[in-house]
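Trainee: Before we discuss particular residues, please present the model and set out the conventions that apply to it.

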Amino acid sequence: MKKYSIYRGVDNEIEFKGLRGQYFYYAAGGGVGCIMTALFLHILGVPILVNILFLVGGLLTAYLVPTAYNKSHGRWGFDKLPVRRLQPRYVVRYQSIRSILKRNASSLTGTYEKD
């Protein structure tokens, strides 16, 4: 039987097979959910071949989807998505750059010109 070590350092989240932190928990939750659903379907009398196909497909999906999200969004991806929606797309300035530079230059020399 193969043994896989799970690494966790000080102030680091859990890491297993490249899945870090929240993505590991998503994969573990999806895997447990698929196993429980397959057991429930077996109790209901669904044919065993359908259960096996559901279980294999569900476990594969429970691993591949968080892995893809981990690669595309990075370590803090899902935590940053709501914050990115709140950031402004652009900044509107009603003053020209020259007047801002002139004001900064005049504050360095001690004189001030009004626009």
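Mentor: Helices (H or I, at least four residues) and strands (E, at least two) are DSSP runs, numbered from the N terminus. The model is a predicted one, in which local features need pLDDT of at least 70 and side-chain atom pairs count only at pLDDT 80 or more, while totals for chains, interfaces and linings use all residues. Residues are numbered from 1 along each chain as its sequence is written, and side-chain values use heavy atoms, with hydrogens and water left out.

Trainee: In which element is the place of Asn51?

Mentor: Leaving aside neighbours within four places in sequence, Asn51 is in contact (heavy atoms within 4.5 Å) with Ala38, Leu41, His42 and Val46. Asn51 is buried, because its relative accessible area is 4% and buried means under 20%, with exposed over 50% and partly exposed in between (1.4 Å probe, protein chains only). The element that holds Asn51 is helix 2.

Trainee: What do the buried residues of helix 2 pack against?

Mentor: The buried residues of helix 2 are Asn51, Gly58, Ala62, Pro66, Thr67 and Asn70. For Thr67, the relative accessibility is 15%, so Thr67 counts as buried. The packing partners of these buried residues are strand 2 and helix 1.

Trainee: How far apart are the end C-alpha atoms of helix 2?

Mentor: The expected span of a helix is 1.5 Å times one less than its number of residues. Helix 2 has 26 residues and should therefore span 38 Å. The separation of its end C-alpha atoms agrees with that expectation, at 37 Å.

Trainee: How is helix 1 oriented relative to helix 2, roughly parallel or roughly antiparallel?

Mentor: Axes are lines fitted to C-alpha atoms, for helices over the stretch in contact, and angles run from 0 to 180 degrees between N-to-C directions. The two helices pack at an angle of about 170°, with their axes 9 Å apart. Angles under 35 degrees count as roughly parallel, over 145 as roughly antiparallel, 65 to 115 as roughly perpendicular and the rest as oblique. Helix 1 is therefore, relative to helix 2, roughly antiparallel.

Trainee: How many aromatic pairs does the structure hold?

Mentor: Rings of Phe, Tyr and Trp (its six-membered ring) pair if their centres lie within 6.5 Å; planes under 30 degrees apart count as stacked, over 60 as edge-to-face and the rest as tilted. By this criterion the number of aromatic pairs in the structure is two.

Trainee: What is the angle between the planes of Tyr23 and Tyr26?

Mentor: Both residues lie in helix 1 (residues 22-44), three residues apart, about one turn of the helix. Tyr23 counts as buried because its relative accessibility is 0%, whereas Tyr26, at 44%, counts as partly exposed. Their pair is edge-to-face, 6.4 Å centre to centre, with an angle between the planes of 75°.

Trainee: Which residue forms an aromatic pair with Phe24?

Mentor: Phe24 is buried, with a relative accessible area of 16%, while its partner is exposed at 52%. Their pair is edge-to-face, 5.6 Å centre to centre with 70° between the planes, and the partner is Tyr25.

Trainee: What distance separates the C-alpha atoms of Gly21 and Asn70?

Mentor: Gly21 is found in the loop between strand 2 (19-20) and helix 1. Gly21 is buried, with a relative accessible area of 5%. Although their positions lie 49 residues apart along the chain, the C-alpha atoms of Gly21 and Asn70 are separated by 9.6 Å.
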